Amino acid sequence: MCSNIKIVILLSSLLLGHLGFAQKGTLSFENKDILLNDLKADDTPTTVCYRFTNTGKEPAIISRVTSVTSQIKAEWEKSPIAPGQSSILKISFPSTSFPLQFSYPIQVFSNTTNPLEKLSIKGNIVDNPDKPFLLYRYSMNGLHFRSSHIDFQKVYSGTLRQDTVYFYNALDSEAQLSVLYAPSYLEIQIPEQIGPKEKGRLILTFDAIANKEYGYVYDNVIFLINDENSYRNRLSVSANIAEDFSKLSPEELANAPVAHFRETTLSFGKIKPKEKGKCDFILENRGKSELIIRKTKSSCGCTAVIPGKNTIAPGKSMSIRAIFDPTGKRGHQYKTITVLTNDPKNPEITLTISGNVEK
């Protein structure tokens with residue numbers, strides 16, 4: 001008899017819970033994803049609207065709206081939205097503060113059947129003919145560039161990579177532009193004169209044939225603008241030079257070198273301010289062909305020393321010593337060293353050293 005009562009109570013609870021869930025409000029959005037193609041840059045906020053209806057049985061309340069950027073501002077009806085009632089969620093943002101290509105998620109929290117709705121806004125920003133220099137925020141002697149930094153991102157060794165940089169002449173007269181300094185591996189096509197209130201462009205070619213470095217490289221280009229010789233008239237240039245392993249055949253991959261460190265984290269313990277911390281990492285070649293150490297690069301305060309050759313035969317190993325200079329530092333220290341090799345599956349390995357510099 002008691003078992004039957006328990007079953008009835010359980011079924012009643014499940015039914016009431018189901019009815020309670022079914023009677024909640026439901027936010028049904030007409031469109032959860034808004035795409036803004038070729039949005040013109042403007043110094044006034046851009047506003048878009050997400051339209052929705054409460055298709056549930058009970059009033060719906062939106063408690064908060066969030067995004068990954070504080071540039072996005074949201075407005076919505078704070079009072080309960082009755083069943084069958086429609087409303088809008090307004091999203092505003094300054095287009096000049098967004099990257100030229102943007103994509104941001106928006107989260108809507110409510111008391112409805114789906115307490116978290118995920119929306120998105122994405123698109124691209126282009127020049128505004130009525131406000132031509134809004135996107136050109138970096139000024140050099142009257143010439144406005146979109147950025148002070150040109151990032152070629154990944155450039156494969158032995159190849160060329162090209163990029164175009166646009167700028168705007170905000171002067172009331174022609175501007176003369178020439179290159180005062182550029183690294184030898186960078187070719188720049190440049191207009192000698194740019195008319196007043198006109199746009200110009202630089203075509204830059206990064207030559208990873210001439211630049212035989214590997215990993216991250218950084219340099220500057222210095223311009224002569226209207227005969228003004230100033231170090232402030234510069235753009236920084238960076239790239240990450242890497243090997244292209246995508247063309248290796250399955251047989252070449254099977255016979256490739258394999259870089260393996262016995263340990264990737266070591267401690268130099270406690271040292272005094274005038275001592276140097278030393279850690280020795282053992283690098284093994286577990287592959288079938290010669291392993292080549294292309295480059296080592298370190299974070300602030302440490303260096304990597306490779307004794308002898310920078311190649312390791314199959315089945316052999318080599319010691320790489322990390323030396324930490326504690327000058328000007330106290331307390332616990334944590335530094336990294338990156339080792340670049342020709343291992344196609346693991347070309348970049350990060351090592352860490354740590355220790356304590358006594359007072």
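Contact here means heavy atoms within 4.5 Å.

**Figure 1. The whole chain of the predicted model.** Two helices and 27 strands make up the secondary structure of the chain. With 359 residues, the globule rule gives 21 Å, whereas the radius of gyration is 30 Å, well over that value, so the chain is more spread out than a compact globule. Along the principal axes, the C-alpha atoms fill a box of roughly 85 × 75 × 55 Å. Among contacts with a separation of 6 or more, 66% join residues 24 or more positions apart.

**Figure 2. Surface, burial and charge of the chain.** The accessible surface comes to about 20200 Å², and carbon and sulfur atoms hold 51% of that area. Of the 359 residues, 38% count as buried. The chain carries 43 positive and 36 negative charges, and the mean positions of these two sets are 10 Å apart.

**Figure 3. The largest nonpolar core.** This core has 30 residues, and the members that touch the most others are Leu36, Tyr50, Leu89 and Ile121. Two or more residues each come from strands S1 (27–29), S2 (33–40), S3 (46–54), S4 (62–67), S6 (86–93), S7 (101–110) and S8 (116–126). S7 gives the largest share, four residues. Apart from this core lies another of 26 residues, among them Leu204, Phe206, Ala208 and Phe223. In soluble globular proteins, nonpolar side chains tend to be buried together.

**Figure 4. Surroundings of Ile121.** Ile121 is one of the four residues that touch the most other members of the largest nonpolar core. Beyond four places in sequence, Ile121 touches Ile34, Leu36, Val48, Tyr50 and Ile72, as well as Phe93, Phe102, Ser103, Tyr104 and Ile106. Leu36 and Tyr50, both in this contact list, are also among the residues named with Ile121 for touching the most other core members.

**Figure 5. Ser87 in strand S6.** Ser87 is found in strand S6, which also gives two or more residues to the largest nonpolar core. The relative accessible area of Ser87 is 14%, under the 20% limit, so the residue counts as buried. Its contacts, with neighbours within four places in sequence left aside, are Tyr50, Arg51, Phe52, Glu77 and Ile81. One of these, Tyr50, is listed with the core residues that touch the most other members.

**Figure 6. Glu58 in the loop between S3 and S4.** Glu58 has a relative accessible area of 39% and is partly exposed, because this value lies between the 20% and 50% limits. Gly25 is 33 residues from Glu58 in sequence, yet their C-alpha atoms are 4.6 Å apart. Excluding residues up to four places away, Glu58 touches Gln23, Lys24, Gly25, Ile81 and Pro83. Ile81 appears in this list and also among the contacts of Ser87.

**Figure 7. Positive phi at Gln153 and Asp227.** Gln153 lies in strand S11, which covers residues 149–156. Although Gln153 is not a glycine, its phi is positive, at about 60°. Asp227 is placed in the loop between strand S17 (215–225) and strand S18 (228–242). Phi of Asp227 is near 65°, again a positive value in a residue other than glycine. The relative accessibility of Asp227 is 66%, over the 50% limit, so this residue counts as exposed.

Notes
Residues are numbered from 1 along each chain as its sequence is written. This is a predicted model: local features need pLDDT of at least 70, side-chain atom pairs count only at pLDDT 80 or more; totals for chains, interfaces and linings use all residues. Side-chain values use heavy atoms; hydrogens and water are left out. A nonpolar core is a set of buried Ala, Val, Leu, Ile, Met, Phe, Trp, Tyr and Cys residues joined through side-chain atoms within 4.5 Å. Buried means under 20% relative accessible area, exposed over 50%, partly exposed in between (1.4 Å probe, protein chains only). The radius of gyration is taken over C-alpha atoms; the globule rule is 2.2 Å times the number of residues to the power 0.38. Accessible areas come from the Shrake-Rupley method with a 1.4 Å probe; for residues, only the protein chains shown count as cover. Lys and Arg count as positive and Asp and Glu as negative; His and the chain ends are not counted. The place of a charge is taken as NZ of Lys, CZ of Arg, CG of Asp or CD of Glu.
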